Amino acid sequence: MSKNQYTVGFLFLFAGAVILLGKLGLFAFIGTNFWPLFVLIPGILLHVLFFGRLLPTFVLVPGAISSISALIFFFCIAFGWSNMQYLWPLFIFGAAVGLYEFHLFEMAHPKFPLTLAITLALIAASFFVIMVFWGWGLYIVAAGLIAIGAWLVAGRKTRW
């Protein structure tokens with residue numbers, strides 16, 4: 001047999017295997033459940049290339065945004081996209097993490113990215129608190145008020 005027959009044979013085997021796996025739904029499963037890898041891998045790669053001293057410090061900002069966004073997407077794939085109504089402030093937090101990394105690893109330690117990172121983190125935290133209290137968090141507030149009221153009424157010894 002010639003080398004061309006082996007090559008053509010392997011190409012036919014590979015094409016048949018790809019078609020069979022596609023018909024079995026493997027590629028659809030990978031596409032629907034693991035697409036955030038296309039967001040996570042560039043974020044991790046930017047970090048690796050920075051720490052390998054191949055890229056400048058500012059690449060940490062999009063690297064952190066990309067990595068945290070991918071983790072949010074994986075969480076929503078695993079536990080349902082309805083959780084996004086509470087998790088969306090983490091996208092703002094991703095930008096804050098990236099700016100903090102930039103401040104931390106830049107040689108001059110500029111103050112403006114640190115100030116912006118703290119501001120964005122506080123904004124994200126306040127939005128997260130608002131989202132929690134807007135939904136089921138009001139029940140926690142109500143239960144806390146009832147407990148404090150019951151303690152004030154029954155817990156103290158009163159003298160009439």
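**Helix packing, an open nonpolar patch and two unusual loop residues**

In this predicted model, the cover over the buried residues of α4 includes α3, α5 (84–87) and α6. Those buried residues are Leu-60, Val-61, Gly-63, Ala-64, Ser-66, Ser-67, Ile-68, Ser-69, Ala-70, Ile-72, Phe-73 and Cys-76. The helix itself is about as regular as one could ask for: its 20 residues reach 28 Å from first C-alpha to last, close to the 28 Å expected at 1.5 Å a residue. Right after α4 comes Gly-80, with a positive phi near 110 degrees.

Two α4 residues make a handy pair to look at. Ser-67 sits in this helix and counts as buried because its relative accessible area is 13%, under the 20% cut-off. Setting aside neighbours within four places in sequence, Ser-67 touches Leu-40, Gly-43, Ile-44 and His-47. As for the spacing of such positions, an α-helix has 3.6 residues a turn, so residues three or four places apart point the same way. Ile-65 also belongs to α4, but at 32% relative accessible area it is partly exposed. With neighbours within four places again left out, the contacts of Ile-65 are Gly-94 and Ala-95. Its C-alpha is 41 Å from that of Leu-13, a residue 52 places away along the chain.

Helix α7 (111–134) tells a similar story on the geometry side. Its 24 residues should span 34 Å at 1.5 Å a residue, and the end C-alpha atoms are indeed 34 Å apart. The buried set in α7 consists of Pro-113, Leu-114, Ala-117, Leu-120, Ala-124 and Val-132. These residues pack against α5, α6 and α8 (137–155).

Then there is the UniProt record. The entry, which is unreviewed, places the feature "transmembrane region" at residues 7–28, 34–51, 58–80, 86–105, 112–130 and 136–154. Two of these spans can be set against the model. Residues 58–80 are 87% helix and 0% strand, with end C-alpha atoms 33 Å apart. Over residues 136–154 the chain is 95% helix, again with 0% strand, and the ends are separated by 27 Å from C-alpha to C-alpha.

On the surface, a nonpolar patch is made up of Phe-14, Val-18, Leu-20, Leu-21, Leu-24, Leu-26, Phe-27, Phe-29, Ile-30, Phe-34, Leu-37 and Ile-41, which together offer about 1,100 Å² of accessible area. Helices α1 (3–23), α2 (26–33) and α3 (37–51) each give two or more residues to this patch. Phe-27 is one of its members and lies in α2; at 42% relative accessibility, Phe-27 counts as partly exposed.

Finally, two loop residues stand out for their backbone angles. Most residues other than glycine have a negative phi. Arg-53, not a glycine, nonetheless has a positive phi of about 65 degrees. Its place is the loop between α3 and α4 (60–79), where Arg-53 is exposed at 73% relative accessibility. His-109 is the other case: here phi is positive too, at about 50 degrees, and again the residue is not a glycine. His-109 falls in the loop between α6 (89–105) and α7, and with a relative accessible area of 38% it is partly exposed.

Methods. Residues are numbered from 1 along each chain as its sequence is written. This is a predicted model: local features need pLDDT of at least 70, side-chain atom pairs count only at pLDDT 80 or more; totals for chains, interfaces and linings use all residues. Side-chain values use heavy atoms; hydrogens and water are left out. Patches are made of residues with over 30% relative accessible area and no salt bridge: like charges are joined within 9 Å, nonpolar side chains (Val, Leu, Ile, Met, Phe, Trp, Tyr) within 5 Å. Accessible areas come from the Shrake-Rupley method with a 1.4 Å probe; for residues, only the protein chains shown count as cover. A salt bridge is a side-chain nitrogen of Lys or Arg within 4 Å of a carboxyl oxygen of Asp or Glu. Helices (H or I, at least four residues) and strands (E, at least two) are DSSP runs, numbered from the N terminus. Buried means under 20% relative accessible area, exposed over 50%, partly exposed in between (1.4 Å probe, protein chains only). UniProt positions are given in the numbering used here, feature names are shortened, and annotations may be inferred rather than shown by experiment. The expected span of a helix is 1.5 Å times one less than its number of residues. Contact means heavy atoms within 4.5 Å.
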